[in-house]
Amino acid sequence: MIDIETMTILIVDDMKSMRLTLRKMLRNLGIGKELFFADNGKSGLLALKNHFCDLLIVDWNMPEMNGSQMLANLRRDKEIRDIPVIMVTAENERDVVADAAEYEVEGYLLKPLTLDALDTKIKSVIEAVNHPEKAKIHLLEARACEEAGNIEGAIDETRKALGLKPNASRILRKLGLLYLEAKKAEIGEKCLQKAVAVNPQDTISRNHLAKLYINKRDFKQAAQLYMEILSFSTRYFDSAVHLGETLLINGFRTEARTLFSRIISKSRFNRVLQEKIMNICLDNQEYEYVAKIVTEAIKENPANMDLMYKAGTIYLETGDQEKAMECFITVDDNMRGGVKTKLQIARIHINNKRILQADDYLNRILRIDPSNKEALKLRRQI
């Protein structure tokens with residue numbers, strides 16, 4: 001039994017001011033006798049190796065190792081995995097809820113914190129630990145059975161927990177995964193489908209279900225699930241991009257473009273991810289779609305000359321040489337001295353029989369680099 005007044009608490013937050021604020025609030029509430037502090041998830045895990053703690057209060061957004069990553073490590077360690085955790089965040093609530101569901105966080109609080117909210121949350125979490133529901137006890141028994149290799153026993157205990165809480169999506173999800181492990185895919189699929197039905201925001205069950213459909217090569221169903229997932233969470237971009245590539249490879253081009261468009265709309269400032277999508281589409285000859293993506297991206301960031309150059313190369317792939325020329329001239333005007341851009345412009349002029357203009361650009365290149373082999377070769381052609 002954990003005593004509210006004498007328990008030990010670890011506070012993990014990268015901001016010293018927040019750590020001090022929490023300490024003051026806990027002292028004012030008379031909660032906790034001994035407090036420890038860490039400035040990120042990595043140092044928090046190290047602190048747990050040296051100090052026994054009854055409760056963790058963990059910030060979600062931290063450098064080096066954030067709250068989610070710390071929790072993932074915590075739950076894999078049998079010695080500390082059952083420590084109750086309250087997650088504190090000022091970030092998008094939907095993603096926090098998804099993390100709480102995946103790592104079984106006991107509660108979460110939104111900044112700015114208040115004394116009443118902190119007091120209520122801690123007391124409710126400790127009460128649940130001290131007096132666990134019968135369903136929780138069955139789930140712990142199920143975990144013990146699973147770890148001992150007794151999957152049927154784990155299924156039986158999980159079914160008992162579900163009998164007490166028939167609309168708990170987390171229990172339905174766990175039961176589904178156990179059935180899949182027991183090679184009873186049809187029952188497992190039905191459990192995951194019910195988990196999604198009872199909790200429309202259950203992104204984790206959708207993700208497992210999508211993987212099941214991918215294994216069955218039911219790519220359309222999987223794509224639909226990821227479209228739904230992306231409406232609730234930004235945590236599955238990589239999996240969604242991989243599925244989009246799979247859709248392209250298997251001929252589901254419309255579905256792939258729709259999925260990619262949803263990813264891009266949800267990750268507008270993630271240039272690395274958008275670049276990855278563009279490269280996948282280029283590799284699969286989706287030139288017109290990539291041109292559309294780049295055109296929209298340039299509208300948002302017209303000063304990005306790397307993007308402008310890429311747009312030019314994509315327009316060349318689509319056969320639109322005039323649009324490609326516009327892009328390359330814009331790049332050349334803003335980045336004078338660039339040989340590769342001038343070469344692109346010269347080639348387009350040659351393709352369109354504009355010999356004088358081509359010769360002008362080839363002369364510009366040779367003034368910069370007199371031994372440029374490509375420029376000399378093109379000059380011999382004209």
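Q: How many bridges join strand E1 to E2, and do the two run parallel or antiparallel?
A: Let's begin with the general idea. Strands of a sheet pair through backbone hydrogen bonds, either parallel or antiparallel. In this predicted model, strand E1 (residues 8–12) is joined to E2 by five bridges, and the two strands run parallel. To find one of these places on screen, look for Thr8, whose bridge partner in E2 is Glu34.

Q: In what order do the five strands form the sheet?
A: Read across the sheet and you get E2-E1-E3-E4-E5, an open sheet with parallel pairing. At the edges are strand E2 (34–38) and strand E5 (107–110), each of which pairs on one side only. Going from one strand to the next, the twist averages 20°.

Q: Which strands does helix H1 lie across, and which does helix H5 touch?
A: Take the helices one at a time. Helix H1 (residues 16–29) lies across E1, E2 and strand E3 (55–59), and it runs at about 165° to E2. Helix H5 (residues 115–130) also packs on the sheet, where it touches E3, strand E4 (85–89) and E5. The direction of H5 makes about 175° with that of E5.

Q: What is the peptide bond from Lys111 to Pro112, cis or trans?
A: Check the omega angle here. The bond from Lys111 to Pro112 has omega near 0°, and it is cis. You will find Pro112 in the loop between E5 and H5.

Q: Which residues touch the most other members of the largest nonpolar core?
A: The general idea first: in soluble globular proteins, nonpolar side chains tend to be buried together. The largest nonpolar core here has 64 residues, and those touching the most other members are Tyr226, Leu243, Leu259, Phe260, Ile263, Ile277 and Val294. Helix H11 (residues 219–232) gives this core its largest share, eight residues. For a single example, pick Ile277: leaving out residues up to four places away in sequence, Ile277 touches Val241, Phe260, Ile263, Ile264 and Ile293.

Q: Why does Thr341 count as buried?
A: Compare its relative accessibility with the cut-off: buried means under 20%. Thr341 has 5% relative accessibility, so Thr341 counts as buried. This residue sits in helix H18 (residues 339–351). Apart from neighbours within four places in sequence, Thr341 is in contact with Tyr309, Phe328, Val331 and Asp332.

Q: What is phi of Arg217, and where is this residue?
A: Look at the sign of the angle and at the residue type. Phi of Arg217 is near 65°, a positive value in a residue other than glycine. Arg217 is in the loop between helix H10 (203–215) and H11. With a relative accessible area of 54%, Arg217 is exposed.

Q: Where is Lys353, and is this residue buried or exposed?
A: Follow the chain to the loop between H18 and helix H19 (355–368), and there is Lys353. Lys353 is exposed, at 69% relative accessible area. Lys353 is not a glycine, yet its phi is positive, about 60°.

Q: What radius of gyration does the chain have, beside that of a compact globule?
A: Now step back to the whole chain, with its 20 helices and five strands. A compact globule of 382 residues would have a radius of gyration near 21 Å, but this chain has 28 Å. Along the principal axes, the C-alpha atoms fill a box of roughly 90 × 50 × 30 Å. Buried residues make up 46% of the 382 residues.

Note on methods:
Residues are numbered from 1 along each chain as its sequence is written. This is a predicted model: local features need pLDDT of at least 70, side-chain atom pairs count only at pLDDT 80 or more; totals for chains, interfaces and linings use all residues. Side-chain values use heavy atoms; hydrogens and water are left out. A nonpolar core is a set of buried Ala, Val, Leu, Ile, Met, Phe, Trp, Tyr and Cys residues joined through side-chain atoms within 4.5 Å. Buried means under 20% relative accessible area, exposed over 50%, partly exposed in between (1.4 Å probe, protein chains only). Helices (H or I, at least four residues) and strands (E, at least two) are DSSP runs, numbered from the N terminus. Contact means heavy atoms within 4.5 Å. Two strands pair if DSSP finds at least two bridges between them. Axes are lines fitted to C-alpha atoms, for helices over the stretch in contact, and angles run from 0 to 180 degrees between N-to-C directions. The radius of gyration is taken over C-alpha atoms; the globule rule is 2.2 Å times the number of residues to the power 0.38.
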